[in-house]
Amino acid sequence: MKNKAPMAHPDEFKGPEADALPDTATLPAEFAALYLCMSPAQLADLRKSKRPDGRAGNGPPVIRPVEGGAAGPKDPLLYTLGTLRDFAKAHTAPTAFDTALNSGMLGWVSAKLPFFAELEPRIKRGRRVLIGGAWDRADPLREKRFTELARGRIRFTSLTCAEAAGSLWADVASHSALAEKGLALLRSETQAIEVSLAATAALAAASNPAAAA
């Protein structure tokens, strides 16, 4: 997944609050979905669904930038960051990132999730250096990294947690935080296999006492 959608008003990122995007900053739908820890398709579904009062859309309000003339169906959809922040606070259900980390080895190796990454590879063969999980709400640096993404200083890429844990990272602490979850899963899987082997051996001994003797 390559992010190409630009932020709408880069001038809003200047000044003393440059490290935190203002609520008035506008994001294209692709980035809005990333901020809300959902796929663009899920965000599109929210726009289509009906509110209890019959109006369209249960998601955050959408705006369309129009320069003369009426808005057309191909005009970009934009969201103000303030409405996204309010929506995120009101909807704190576990994300796909949380689910992948808590659903065992299957989720760890199969669920594709967005990760922040450096723009250019540091080594040959095009390997990207990762920075953090883009859907990891527990990451205290997520807002800062989202600002860097908005400025075009970093990008995001789609990987499984297993692929991310096996990648290069910009710092050891962030890599270790994710990798340890995978190592814990492996230890759990290993222990389960060892327990099963022991149970099989016990069953075989009980079925054939002569052989055990």
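Start with both faces of strand S3. Select Leu 113, Phe 115 and Ala 117: they lie on one side, and each is buried. Now select Pro 114, Phe 116 and Glu 118. These sit on the other side and are buried as well. Show the whole strand, residues 113-118, and you see that six of its six residues are buried. Keep in mind that this is a predicted model.

**The partners of S3**

Next, add strand S5, residues 154-159. S5 runs antiparallel to S3, and six bridges join the two. To find one point of pairing, select Pro 114. Ser 158 in S5 stands opposite Pro 114.

Now bring in strand S4, residues 129-133. S4 and S3 also pair in the antiparallel sense, here over three bridges. Pick Ala 117 in S3. Which residue of S4 is the bridge partner of Ala 117? Leu 130 is.

**Helix H6**

Move on to helix H6, residues 142-150. Colour its buried residues: Arg 142, Arg 145, Phe 146, Thr 147, Leu 149 and Ala 150. What do the buried residues of H6 pack against? Three of the strands already on screen are among the answers: S3, S4 and S5. Add strand S1 (26-28), helix H1 (29-35) and helix H8 (172-207) to complete the set.

**Past the end of H6**

Follow the chain out of H6. Select Gly 152, which comes after the helix. The phi of Gly 152 is positive, near 80°.

Then click Arg 153, in the loop between H6 and S5. Is Arg 153 buried or exposed? Arg 153 counts as exposed, because its relative accessibility is 52% and the cut-off for exposed is over 50%.

Keep Arg 153 selected and add Glu 118. These two are 35 residues apart along the chain. Draw a distance between their C-alpha atoms: the separation is 7.6 Å. Now look for what Arg 153 touches. Leaving aside residues up to four places away in sequence, Arg 153 touches Leu 119 and Glu 148.

**Zoom out**

Show the whole protein. Count the elements: nine helices and six strands. Colour by burial, and 35% of the 213 residues are buried. Turn on the surface. The accessible surface comes to about 12,600 Å², and 59% of it belongs to carbon and sulfur atoms. Last, display the contacts with a separation of 6 or more. Residues 24 or more positions apart account for 62% of them.

Definitions and conventions
Residues are numbered from 1 along each chain as its sequence is written. This is a predicted model: local features need pLDDT of at least 70, side-chain atom pairs count only at pLDDT 80 or more; totals for chains, interfaces and linings use all residues. Side-chain values use heavy atoms; hydrogens and water are left out. Helices (H or I, at least four residues) and strands (E, at least two) are DSSP runs, numbered from the N terminus. Buried means under 20% relative accessible area, exposed over 50%, partly exposed in between (1.4 Å probe, protein chains only). Contact means heavy atoms within 4.5 Å. Accessible areas come from the Shrake-Rupley method with a 1.4 Å probe; for residues, only the protein chains shown count as cover. Two strands pair if DSSP finds at least two bridges between them.
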